Amino acid sequence: DIVNYANMFNKNYIFGKFEDMLKVDKPYYIFYYSGHGRVNGGDLCIEDDKEKMTYISFEDIYARWKNRPHKNSQLLIILDSCHSGEWADKARARFENGGHQNLAVIASCRADQLSDDLGYEGGGGKFTVAFRKWIGENKSTSL
């Protein structure tokens, strides 16, 4: 199921929906985010009620993933945001240290890079456009 939270950007709402998703027994889940990313952590920038900026960190999502009820499932995180490579680095470090192996991150850039935005709502950044094009051209490719 694909749900667009663009008009409901509230950190607690997103956490609730993520946790609800994990209650359903599926072989894999995809968490996708396109928006601003924060330097020094790659945290997702969530503008609650257009007044207050809050953040979702890799650790926020990882903690919920680690406590999921269905342990054989896999999570793919796709991020189209500045500094998103931080999440890939953190996922790799967890894996190398014996952490959860059922988690992968596809990032639009390295930890020290900015991700290009297209400057309009609803379309994501340049990475999202390229990724969607690749998926469309490779429909037989499986995750």
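How far apart should the ends of helix H3 (residues 85-96) be at 1.5 Å a residue, and how far apart are its end C-alpha atoms? The twelve residues should span 16 Å, and the end C-alpha atoms are 16 Å apart, so the two agree. The expected span here is 1.5 Å times one less than the number of residues.

Some ground rules before going on. This is a predicted model, in which local features need pLDDT of at least 70 and side-chain atom pairs count only at pLDDT 80 or more, while totals for chains, interfaces and linings use all residues. Residues are numbered from 1 along each chain as its sequence is written, and side-chain values use heavy atoms, with hydrogens and water left out. Helices (H or I, at least four residues) and strands (E, at least two) are DSSP runs numbered from the N terminus.

Back to H3. Gly85, Trp87, Ala88 and Ala91 are buried there. They cover an arc of only 155° around the axis, which puts them on the same side of H3; the arc is taken from the directions from the helix axis to the C-beta atoms. Buried means under 20% relative accessible area, exposed over 50%, and partly exposed in between (1.4 Å probe, protein chains only). Among the elements covering these residues are strand E2 (44-48), helix H2 (58-66) and strand E5 (103-107).

Strand E1 (residues 28-34) alternates: Tyr29, Phe31 and Tyr33 point to one face and are buried, whereas Tyr28, Ile30, Tyr32 and Ser34 point to the other and are not. E1 runs parallel to E4, joined by seven bridges (DSSP must find at least two bridges for strands to pair).

Now for two loop residues, one on either side of H3 in the chain:

| Residue | Loop | Relative accessibility |
|---|---|---|
| Ser84 | between E4 and H3 | 0%, buried |
| Gln101 | between H3 and E5 | 56%, exposed |

The side chain of Ser84 reaches the backbone nitrogen of Ser108 at 3.1 Å.

Finally, the largest nonpolar core has 22 residues, and Phe31, Ile61, Leu75, Ile77, Trp87 and Leu103 have the most contacts inside it. Such a core is a set of buried Ala, Val, Leu, Ile, Met, Phe, Trp, Tyr and Cys residues joined through side-chain atoms within 4.5 Å. Helix H1 (11-23), E1, E2, H2, E4, H3 and E5 each supply at least two of its residues. Leu103 touches residues including Phe58, Tyr62 and Trp65, leaving aside residues up to four places away in sequence; contact means heavy atoms within 4.5 Å.

Conventions. Polar contact = N/O pair within 3.5 Å; in protein donor to acceptor, adjacent residues only side chain to side chain.
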